[in-house]
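Open the model in your viewer and keep the selection tool at hand. The tour goes stop by stop.

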Amino acid sequence: MARWDNEVVSTSTLIIGAGFSGLATAHFLMRRLGPEAHVTVLDSSPRVGGKINTVRLAGLPVDTGPDAFLSRAAELRELIDELGLNSDVIEPQPGGAYIWSRGKLRPIPDGASFGLPGRLGPLLRSRLLSPAGVARAGMDIVLPTSHRSQDPSVADLVRPRFGSEVYDRLVEPLLGGVHAGDPARLSAKSTVPEIKAMAEAHRSLYLTMRSRRAQAPKPAGAPLVSIAGGMGVLVDALVKEISPQAVLAGTEVSGVERTGAGWCISTAGGRISAEELVLAVPAYAAADLLEPLAPELSSELRGIPYVDVANATLAFRAHDLPELPPGTGFLVPPVEDRFIVGCTWLTNKWPHLVNDDVVLIKSMVGRAGDRRWLTMSDEQLIEAVRADLSGMLGIDAQPFETFVQRWPKAIPQYVIGHADRLETIDRQVADIGRLHLTGAAYRGSGLAGCATQAAAVADRITRG
Ligand SMILES: Cc1cc2nc3c(=O)[nH]c(=O)nc-3n(C[C@H](O)[C@H](O)[C@H](O)COP(=O)(O)OP(=O)(O)OC[C@H]3O[C@@H](n4cnc5c(N)ncnc54)[C@H](O)[C@@H]3O)c2cc1C
């Protein structure tokens, strides 16, 4: 823990939270202001990086939080470029992924976007849905315009147009894989804004997606990429650039106070005064810090729900396993009633993990409404994962090393009303002044969205 013996030290911008959002905000501020930036980043955890965590398993770097990011995300690519990490960006091995449906692994059909079918032929051939389910999906082409509320759920947007099978066996697993959420509660406007905009502008979603795809230039490269050595490389590079002395781990903030000139922040090691305060912590943690100062704002922040998730990575000797299907892994729809939510064979997916001797299989566990794993010991969780791997992939071998990562309150849910809530939050934050909220809870729950928001906060602080 950092200690400065009750002297008040000062900094221009104090960032609470040294996850990717806090570190990225510091990065963009330093790029805009140079040495004048005077940034300090605090984190209560002894480890910086937040959800980014690269651990060693069987001697290989395994990401137990995010392991990929959108390759075409402008601000994130700018940050990676400025850190000199462009040559470390890696693409997954080719091969695609599957959905476990109707007792088998079925390839995710070509053209599916956010789980919505873009082409009926590949959907039929994948056998992911019954023939009746594919026929029902095709009815979107002839159905009259749907009338929806201003802020419909993803389920309300999809089900009336494509039917229950598309919803259960494509949308649920694909959205569940990213947001761990229940599409019946997630706001389409905030979770899949592109699809919501298309649905508003046109009668048939299927025909609109098909014509957009035909007109769009074929994108070069993989849509999702990673960093050789794991995402921890990104965190290390950010801390090195910001300066290890300015990133203080193990420093719990006990209170934030608005002063005439800015802020006074209390920690067990002493007090820090700052002109600008950035809260780059989860919404519920921001709610705790702001409660005495702004109870209404705090209650809005507390209204953003989170889902608990976990994952278990198992290391096997390659010669103990049956041959895995080509590709990189699969997702499991809730209707299949399994324990795991999805599974990646990491050593097939990422070039820096490819290995002749070891097979690493990471299984994701937990989604909205499924908290079975929370009461399990690590051993019980691994046994439940192994039971699914045995039933689904025929893997009965004993792993020689395992790692369980628990992420309680990990994934913010953009539920119906999220956009209105953000407007209220923005107004109340502006009233307080010199306060900035950023992070996965607000306008983009992945790394790309966090980078975009971090750059916007740096712009606002720079403009003054
Ligand atoms: C299992 C999993 C897999 C994911 N996979 C992907 C992926 O492949 N691609 C992708 O783009 N996104 C992915 N995400 C989402 C991605 O991890 C997040 O978007 C991103 O890491 C959020 O960063 P953040 O800094 O906003 O929040 P966090 O990483 O949660 O950081 C917040 C920080 O605030 C600190 N903190 C909290 N309270 C206090 C306090 N009172 N005082 C001081 N510090 C405090 C915490 O210790 C933490 O370090 C995944 C998330 C999870 C959980």
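Two strands count as paired if DSSP finds at least two bridges between them. With that in hand, begin at a hairpin; note that the model is predicted.

**Stop 1: the hairpin.** Select residues 253–258, strand 11, and residues 263–267, strand 12. They pair in the antiparallel sense, over five bridges. Four residues sit between the two strands of this hairpin. Now pick Val 256: which residue of strand 12 is its bridge partner? The partner is Ile 265.

**Stop 2: the three-strand sheet.** Move to the open sheet with strand order 5-9-6. Its pairing is antiparallel. Colour strand 5 (69–70) and strand 6 (89–90), the edge strands. Each of these pairs on one side only. Add residues 224–227, strand 9, which is joined to strand 5 by two bridges. Label Leu 70 in your view, then look across to strand 9, where Leu 224 stands opposite.

**Stop 3: the seven-strand sheet.** Next comes an open sheet of seven strands. Step through the order 8-7-15-16-17-14-18. Pairing here is mixed. The edges are strand 8 (104–107) and strand 18, each paired on one side only. From one strand to the next, the twist averages 25°. Zoom in on strand 14 and strand 18: how many bridges join them? There are nine, and the two strands run antiparallel. Pick Ala 310 as a marker; its bridge partner in strand 18 is Arg 406. For any such sheet, recall that strands pair through backbone hydrogen bonds, either parallel or antiparallel.

**Stop 4: a helix pair.** Select residues 154–162 for helix 5 and residues 164–179 for helix 6. Packed helices are described by the angle between their axes and the distance between those axes. In this pair the angle is about 145°, and the axes are 8 Å apart. The crossing of helix 5 past helix 6 is right-handed. Show side chains at the contact. Helix 5 brings Val 154, Ala 155, Val 158, Arg 159 and Phe 162. Helix 6 brings Ser 164, Val 166, Tyr 167, Val 171 and Leu 175. Colour the contact residues by type and you get eight nonpolar, one polar and one charged.

**Stop 5: the domains.** Zoom out and colour by the domain assignment. Domain 1 is 8–52 + 230–304 + 415–463. Domain 2 is 110–143 + 153–215, and domain 3 is 306–412. Draw a line between the C-alpha centres of domain 1 and domain 2: they lie 36 Å apart. Their contact takes six residues from domain 1 and seven residues from domain 2. On the domain 1 side, the touching residues are three nonpolar, three polar and no charged.

**Stop 6: the ligand.** Finish by selecting the shell around the ligand, 38 residues in total. Label the closest: Gly 19, Gly 50, Pro 66, Gly 439 and Gly 446. Now highlight the elements that give two or more residues to this shell. The helices are helix 1 (20–33), helix 11 (283–290) and helix 16 (447–463). The strands are strand 14 (306–317) and strand 18 (401–412). By type, the shell holds 22 nonpolar, 12 polar and four charged residues. Where does the ligand lie relative to domain 1 and domain 3? Both domains give residues to the shell, so the ligand lies between them.

Note on methods:
Residues numbered from 1 in each chain as written. Predicted model: local features only at pLDDT ≥ 70, side-chain atom pairs only at ≥ 80, totals over all residues. Domains from an automatic or database assignment. Contact = placed C-beta atoms within 7 Å. Nonpolar A, V, L, I, M, F, W, Y, C, P; charged D, E, K, R; others polar. Near = placed C-beta within 6 Å. Axes fitted to C-alpha atoms, helices over the stretch in contact; angles between N-to-C directions. Left-handed = near helix turned anticlockwise from the far one by under 90°.
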